[in-house]
Amino acid sequence: MSPKRKTSKSATYDCVVIGGGPAGATAATLLADYGHRVVVLERERFPRHHIGESLVPQSYWTFKRLGMLPKLKASDFPLKQSVQFVSPSGRDGQPYYFTERDPNEWSITWQVCRDRFDRMMLENAREHGAEVREGVSVKEVLFDDARAVGVRAASGDETLTIHAKVVIDASGASTLLSRQLGIRRPDPGLKNAAIYAYYKGAYRDEGRNSGATLVLHTPDRHGWFWSIPLPDDITSVGVVAPPAYLFTGRGDDPLATFEEEIAQCPGIRRRLEGALRVSQAFVTSDFSYSASQLAGDGWVLIGDAFGFLDPVYSAGVFLALKTGEWAADAVHEAMSAGEVTGARLGAFAPGLLRGMHLIRQLIHAFYDPSFSFREFHKLHPEYRDHIVRILIGDVFNDEAGQVFDVMRQWISLPEPVKLTGSIAQ
Ligand SMILES: Cc1cc2nc3c(=O)[nH]c(=O)nc-3n(C[C@H](O)[C@H](O)[C@H](O)COP(=O)(O)OP(=O)(O)OC[C@H]3O[C@@H](n4cnc5c(N)ncnc54)[C@H](O)[C@@H]3O)c2cc1C
């Protein structure tokens, strides 16, 4: 029998997208709508497990553009109408209802099973004319001088060279291109890890609270739990805390650590009484980082491939959708002008950074042990609306950030992040 021969193939597209998560699927769908030849290379075969189930309402507008709303409305994904915080002593806070400020359908969103949601998004990209190739792992982005000109990928024994005018990196936390370029930097102020699992039969509130995301502080404020209701009476439960706290001197069984944390947190313990764990315990860490550059000649980073802040306000998929949408518009405009420069491909950087800065500041307030949202609202009820706006993802405007002028008098907040490289901010 002759040994299996390795084969190599090459192809040319307008645009190659690395990764078929929400960011990549969004960019590919919209570029196909514009009439460009686009291929998505996804290393897994969908459906595949992914964390990140709770959406924020402002995702509505990207879903609308993608044609995803009818599919989501027809799904069994629970409707999310609020976020509720539970204090370290186990006291339930007043929920932040999204319809409080705008009683319309775009103020309600979904809690999604990411395996099914991501597959729906990728199928939608195919329906819109994008070519999607699963089981293809990109190994490197190819450059001609400083300009990205394509990728080298592998699928089984086959090596693929894809040439394209633009490379969109949507590889998520793998951060393929920012690692290749050495521009990935961790966020030192947000060094956390998570352990999570899925439960059947956990307690849920009724009525409009039944689809709420719960954020429960642990009693010692070392960390916090999320509780996210999913279809079939399944609840996603995770604990987030510094890795040194979760993993140092606690043995090597993350499930044991997770169960210890549950036992010590009355709010989550009470909700899981009588519930059955139906998955293994998953671990993820060092998830807060960003690239120091958003785009260069022939390339742009979107979603987690650019950066991820922190899971507490569930903004990850929203930012993946938004950057996917903005990048598709920028790529289309750049290709129409015949100039796929970094300045054109990253033209959405200033708006994105301003919006992410609002979310980042609210994250820092959450983690600051000296800050209490309840106390803040007592003194400044007029700013509750600003906080709801940030929680729903309404961050690409100047008004919502006014709350930080006042909050800054209570606690220190981070300075805006600046990008380096070819795009001046
Ligand atoms: C603990 C935790 C909890 C979270 N909770 C939430 C939440 O409740 N709500 C929320 O909105 N967000 C949440 N997030 C964030 C959310 O998971 C991400 O922000 C979101 O998935 C980003 O989408 P993306 O498309 O950029 O990347 P991904 O969804 O990660 O997709 C990237 C895709 O690229 C593929 N890929 C990677 N490398 C390659 C390669 N070399 N070649 C080809 N394909 C490749 C991967 O297989 C993957 O399918 C959470 C994150 C963490 C860490």
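Me: Where does Glu53 lie, between which strand and which helix?
Reply: This is a predicted model. The strand before the loop is β2 (38–42), and the helix after it is α2 (60–66). Glu53 lies in the loop between β2 and α2.

Me: Is Glu53 buried or exposed?
Reply: A residue is buried if 20 or more other C-beta atoms lie within 10 Å of its own. Glu53 has 25 C-beta neighbours inside 10 Å, so Glu53 counts as buried.

Me: Which residues is Glu53 in contact with, leaving aside its neighbours within four places in sequence?
Reply: Val112 is one of them. Glu53 and Val112 are 59 residues apart along the chain, yet their C-alpha atoms are separated by 4.9 Å. The full set is Gln111, Val112, Cys113, Arg114, Ile228, Leu230 and Ser236.

Me: Which element gives the largest share of the shell around the ligand?
Reply: The ligand is surrounded by 39 residues. α1 (22–34), β2, β8 (137–144) and α9 (316–337) each supply at least two of the shell residues. The largest share, four residues, comes from α9.

Me: Why does the ligand lie between two domains, and which are they?
Reply: The shell around the ligand takes residues from both domains, so the ligand lies between them. They are domain 1 (10–77 + 112–187 + 289–347) and domain 2 (193–285).

Me: How many residues does the contact take from domain 1 and from domain 2?
Reply: The C-alpha centres of domain 1 and domain 2 lie 30 Å apart. The contact takes nine residues from domain 1 and, from domain 2, 11 residues.

Notes. Residues are numbered from 1 along each chain as its sequence is written. This is a predicted model: local features need pLDDT of at least 70, side-chain atom pairs count only at pLDDT 80 or more; totals for chains, interfaces and linings use all residues. A residue is buried if 20 or more other C-beta atoms lie within 10 Å of its own, exposed if 12 or fewer, and partly exposed in between; C-beta atoms are placed from the backbone. Two residues are in contact if their C-beta atoms, placed from the backbone, lie within 7 Å. A residue is near a molecule or strand if its C-beta atom, placed from the backbone, lies within 6 Å of it. Domain bounds come from an automatic or database domain assignment.
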